[in-house]
Every structure is written in C-alpha cells, then in structure tokens.
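Take a walk through this model, one region at a time. Keep the sequence and the 3D view side by side.

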Amino acid sequence: MYVVNIKGILMRRTKEEAQQTRNDILDAAVALFSENGVSNTSLQDIAKQANVTRGAIYWHFKNKAEIFDALHVRLFQPLAEMILEDCEKDHPHPIEQLETLCVNLLLELTNNLQKRQAARVFMIKCNYSGDQAVYKDEHEQRKTKSFELFKRYFERAHDQGIIIDDTDPEILTLSLDCYLKGIVTLYLDDPDKMDLETYARPLIHQFFKQFPRSQTGQ
C-alpha cells in the first residue's frame with residue numbers, strides 16, 4: 001500500500017513555482033535592462049514584463065538593485081564553475097584547451113538569449129551609478145576570480161614548457177581578456193554585423209596561433 005505524502009508534494013510544488021517566478025522576474029529584468037538600461041527600468045516595468053505583481057517581486061527581491069546583483073551572479077557564477085571544471089581536466093595541451101573554451105564561450109552568447117542580454121547589461125548598459133554602486137566592488141571580485149581561472153591555463157602551459165620562460169602568464173591573460181572583451185563588445189553592440197557562428201573560431205585562433213601546437217592541433 002502506498003502512502004501519498006500530500007504535504008511534501010505541495011511543498012515541493014510551491015518551491016518550484018516560487019523558483020519559476022523568480023526566474024521569470026530575472027528574465028524580464030535582463031530583457032528590459034539590456035534594452036533600456038537599469039536606471040530607465042522601473043519595478044513596475046519588470047512586473048508587467050514578467051506578468052507578476054510588484055508584491056511578487058518584493059517577495060524575492062528587496063529592490064531593483066538586488067535584482068541587478070542577482071543577474072550578475074546568474075551570469076558569472078556558472079561561468080566560473082564551467083572554467084574551473086574545464087581547467088581541472090587532465091588535458092595534454094592547456095593552450096589548445098583554452099582556445100576551445102574561448103570559442104565555446106563566444107558561441108554560447110549566440111545560443112543563449114539571457115546570457116547575451118546579461119552580458120550587454122554589464123558590458124554596455126551599466127555605469128554603476130545610484131543604487132548599483134554598492135555592488136561595484138563585489139562584481140569586480142567576481143570578474144577577478146574568472147581572470148585568475150583563465151591564468152591557470154597559461155601557468156600550466158608555462159610549467160609544461162609550451163610557452164617560453166620569459167612570457168608572463170598574467171600578461172597573456174590580460175591580453176586575452178582585452179581581446180575577448182573587444183570581440184564581445186562589438187558583437188553585443190550590433191549582433192547583426194558580426195556573425196559569431198561564423199567568426200568565433202577564426203577570431204579566437206588568430207590570438208592563439210602565436211603559441212606552439214600539438215601534432216593533433218596543427
């Protein structure tokens with residue numbers, strides 16, 4: 001005889017519905033922020049876009065600035081986790097491994113609307129003024145964490161003798177960071193003018209072809 005735990009089912013369903021509402025609010029906010037900017041978007045605008053009440057927004061977030069921060073977490077936390085997981089793989093050629101990762105990161109922008117919108121918010125539409133200012137240092141720390149993870153690939157390549165002794169992994173990481181930001185900024189400014197599906201791989205290879213290749217990476 002089976003005993004149905006009605007209370008447990010209802011609690012799980014309520015939790016799932018609450019999470020879905022939170023995601024709907026974030027999806028609505030990132031769409032509006034990326035189009036109009038953070039300061040030009042109100043909580044009422046977000047509620048209307050998400051088809052929820054303002055009370056539902058306040059159940060999940062104290063204010064618009066907290067939504068802004070939650071979007072930054074949603075963008076950078078999975079990114080850091082993905083890079084960390086990839087970096088810890090036992091790959092014979094870390095430079096080629098990093099090249100593949102960078103290509104995949106660019107292609108993901110073309111395939112994931114919310115990530116593309118979030119990237120546009122934080123790279124083009126955000127100046128950390130007003131209520132956003134309190135999150136500036138915290139957001140910079142998340143970016144620094146990602147920077148340090150990228151540097152691990154160059155450090156491993158240096159340790160393996162793939163790159164020459166006088167090449168500074170930190171300078172290489174900074175160079176790659178500038179290169180990627182340039183590509184992403186141009187793409188986000190006008191996606192119709194840069195087809196990343198076509199150009200992501202050759203653009204990234206243009207940067208990485210300066211390094212020695214493995215036999216399989218020729």
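Start with α8, and with its outward side. Leu 186 and Asp 189 are exposed there. Opposite them lie the buried residues of the helix: Pro 169, Leu 172, Thr 173, Leu 176, Leu 180, Ile 183, Val 184, Tyr 187 and Leu 188. These buried residues share one side of α8, because they cover an arc of only 125° around the axis. The spacing fits a general rule. An α-helix has 3.6 residues a turn, so residues three or four places apart point the same way.

What do the buried residues of α8 pack against? Their partners are α5 (94–111), α6, α7 and α9 (196–208).

The length of α8 can be checked too. Helix α8 covers residues 169–189, which is 21 residues. At 1.5 Å a residue, the helix should span 30 Å. Its end C-alpha atoms are 30 Å apart, so the expected span and the model agree. At the start of the helix, Asp 168 makes a polar contact: one of its side-chain oxygens comes to within 2.9 Å of the backbone nitrogen of Glu 170.

Now step back to the whole chain. This is a predicted model. The protein chain has nine helices and zero strands. From the N terminus on, its elements therefore read as α-α-α-α-α-α-α-α-α. Along the principal axes, the C-alpha atoms fill a box of roughly 60 × 55 × 35 Å. The chain has 218 residues, and 40% of them count as buried. Its accessible surface is about 13,100 Å², with 51% belonging to carbon and sulfur atoms. Consider contacts with a separation of 6 or more: residues 24 or more positions apart account for 72% of them.

Next, the loops. Thr 41 sits between α1 (6–36) and α2. Thr 41 counts as buried because its relative accessible area is 2%, and the cut-off is under 20%. Its side chain reaches the backbone oxygen of Gly 37 at 2.8 Å. Beyond its neighbours within four places in sequence, Thr 41 is in contact with Leu 32, Phe 33, Asn 36, Ile 46 and Lys 64.

Two other loop residues have a positive phi. Asn 51 has a phi near 60°, although it is not a glycine. Asn 51 belongs to the loop between α2 (43–50) and α3 (54–60). Tyr 128, also a residue other than glycine, has a phi near 50°. Tyr 128 lies in the loop between α6 (113–123) and α7 (136–159).

Is Asn 51 buried or exposed? Asn 51 is exposed, because its relative accessibility is 71% and the cut-off is over 50%. Tyr 128, by contrast, counts as buried, at 12% relative accessibility.

Last, the cysteines. How many disulfides does the structure hold? The structure holds zero disulfides. Cys 87 is in none, and the nearest cysteine sulfur, that of Cys 102, is 12 Å away. Cys 87 has 6% relative accessibility, so this cysteine counts as buried. Why does Cys 178 form no bond with Cys 102? The sulfur of Cys 102 is the closest cysteine sulfur to that of Cys 178, but the two are 13 Å apart, which is too far for a bond. A disulfide needs the pair of sulfur atoms within 2.5 Å.

Definitions and conventions: Residues are numbered from 1 along each chain as its sequence is written. This is a predicted model: local features need pLDDT of at least 70, side-chain atom pairs count only at pLDDT 80 or more; totals for chains, interfaces and linings use all residues. Side-chain values use heavy atoms; hydrogens and water are left out. Buried means under 20% relative accessible area, exposed over 50%, partly exposed in between (1.4 Å probe, protein chains only). Helices (H or I, at least four residues) and strands (E, at least two) are DSSP runs, numbered from the N terminus. The expected span of a helix is 1.5 Å times one less than its number of residues. The arc is that of the directions from the helix axis to the C-beta atoms. Contact means heavy atoms within 4.5 Å. A polar contact is a pair of N or O atoms within 3.5 Å; within protein, one must be able to donate a hydrogen and the other to accept it, and residues adjacent in sequence count only if both atoms are side-chain atoms. Accessible areas come from the Shrake-Rupley method with a 1.4 Å probe; for residues, only the protein chains shown count as cover.
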